[in-house]
Amino acid sequence: MNADVSRKRLHVIQGKFLVSDQPDVVLTTILGSCVAACLRDPVAGVGGMNHFLLPGNANGGGSGEATRYGVHLMELLINALLQKGARKGRLEAKLFGGAQTMSRLSDVGRKNGIFAEKFLGDEGISVVSSSLGGDLGRKVEFWPVSGRARQNILSGNETLKAVAREQPVAPKPAPADEVEFF
Amino acid sequence: MSMAQKIKALIVDDQVTSRLLLGDALQQLGFTQVTVAGDGEQAYQIMQKDPHHLVISDFNMPKMDGLGLLEAIRGNAATKRAAFIILTAQGDRALVQKAASLGANNVLAKPFTIDKMKAAIEAVFGAL
């Protein structure tokens with residue numbers, strides 16, 4: 001679940017996010033073309049990570065379904081941080097992923113990276129470091145309270161496995177998705 | 001002039017990106033009179049000076065949230081007849097019921113689709 005967490009080492013799977021204010025928690029993820037945004041409020045001492053892969057028609061701006069889905073995933077993470085005492089104006093971001101792997105012919109990885117950078121830029125959230133693109137996947141660890149992040153570049157074979165797990169499909173929307181006529 | 005062109009719409013969301021997406025969506029539906037506000041307080045000030053026909057508001061916002069804005073708008077004779085649609089990233093039944101009890105016309109989950117937005121607006125105003 002995308003809930004508050006207190007166990008120590010937590011893996012963030014595609015389409016999900018986790019937030020924590022526990023200093024000993026490490027958020028981890030494995031990325032091929034996917035992007036993970038790691039956000040933190042250094043004053044409130046709370047941070048979190050999401051992990052997304054937008055459908056292939058996503059682009060940096062635009063108004064398509066894919067962009068709305070990406071904005072939704074960023075908003076869920078930001079809302080969860082605000083609920084734990086973060087302030088939007090203090091948030092800082094680290095971005096990882098978006099590899100342009102050989103097994104994916106489209107440039108979906110690059111588009112995901114561009115989307116994340118544009119979103120954060122539009123929202124006035126500073127990106128303090130990023131590692132985007134390239135042709136190999138990444139294993140990322142993020143300490144949400146200290147903001148420390150570490151990445152290991154995957155081998156070619158590991159990258160293929162990571163990409164094979166990635167599904168560029170939007171998950172089912174929230175329960176209130178059905179139009180409610182009062 | 002189409003119905004969409006006649007309606008004055010107010011978009012309320014604390015996220016710049018969401019405001020842009022909503023603005024794009026309304027433009028695609030034929031709206032030409034669209035105002036934006038960054039939170040409920042600002043939206044309510046705009047509504048007091050210049051009542052809009054339609055308010056599409058995020059739920060989760062600083063200062064005054066979407067339900068607070070709805071309550072304020074329904075409590076003011078000059079604005080209480082406005083159509084009010086709430087958008088929420090965290091769709092749960094309790095929120096939907098609270099919104100209904102406060103007089104919301106609709107609750108839509110994010111990420112919304114253009115078709116669902118159109119249906120929600122047309123349920124109030126008729127064909128756009």
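Helices here are DSSP runs of H or I with at least four residues, strands are runs of E with at least two, and both are numbered from the N terminus. What you're looking at is a predicted model, where local features need pLDDT of at least 70, side-chain atom pairs count only at pLDDT 80 or more, and totals for chains, interfaces and linings use all residues. Residues count from 1 along each chain as its sequence is written, while chains are lettered from A and ligands numbered from 1 in the order in which they are written.

Just past the end of α6(B), G126(B) has a positive phi of about 85 degrees. The helix itself covers residues 114-125 of chain B, 12 residues in total, and reaches 16 Å from first C-alpha to last, close to the expected 16 Å (that is 1.5 Å times one less than the number of residues). Which of its residues are buried? M117(B), A120(B) and I121(B) are, where buried takes 20 or more other C-beta atoms within 10 Å of a residue's own, exposed takes 12 or fewer, partly exposed lies in between, and C-beta atoms are placed from the backbone. Looking down the axis of α6(B), the buried residues fall within an arc of 90 degrees, so they line one face of the helix; the arc uses the directions from the helix axis to the C-beta atoms. They pack against α2 (16-28), β3 (54-58), β4 (83-88) and β5 (106-109) of chain B, with contact meaning backbone-placed C-beta atoms within 7 Å.

Now the sheet. In chain B, 5 strands make an open, parallel sheet in the order β2-β1-β3-β4-β5, where pairing needs at least two DSSP bridges between two strands. β2 (33-37) and β5 of chain B sit at the edges with a single partner strand each, so one side of each has no neighbour in the sheet. β4(B) and β5(B) run parallel and are joined by 4 bridges, with I85(B) opposite N106(B) of β5(B).

Over in chain A, β8 (138-142) and β9 (149-153) pair antiparallel over 5 bridges, and V140(A) has Q151(A) in β9(A) as its bridge partner. The two strands form a hairpin with 6 residues between them.

A few backbone angles, side by side:

| Residue or bond | Angle |
|---|---|
| G126(B) | phi about 85 degrees |
| G147(A) | phi about 85 degrees |
| K63(B) | phi about 60 degrees |
| K110(B) to P111(B) | omega near -5 degrees |

K63(B) isn't a glycine, yet its phi is positive. K63(B) lies in the loop between β3 and α4 (66-74) of chain B and counts as partly exposed because it has 14 C-beta neighbours inside 10 Å. The K110(B) to P111(B) peptide bond is cis, and P111(B) is in the loop between β5 and α6 of chain B.

Notes
Contact = placed C-beta atoms within 7 Å.
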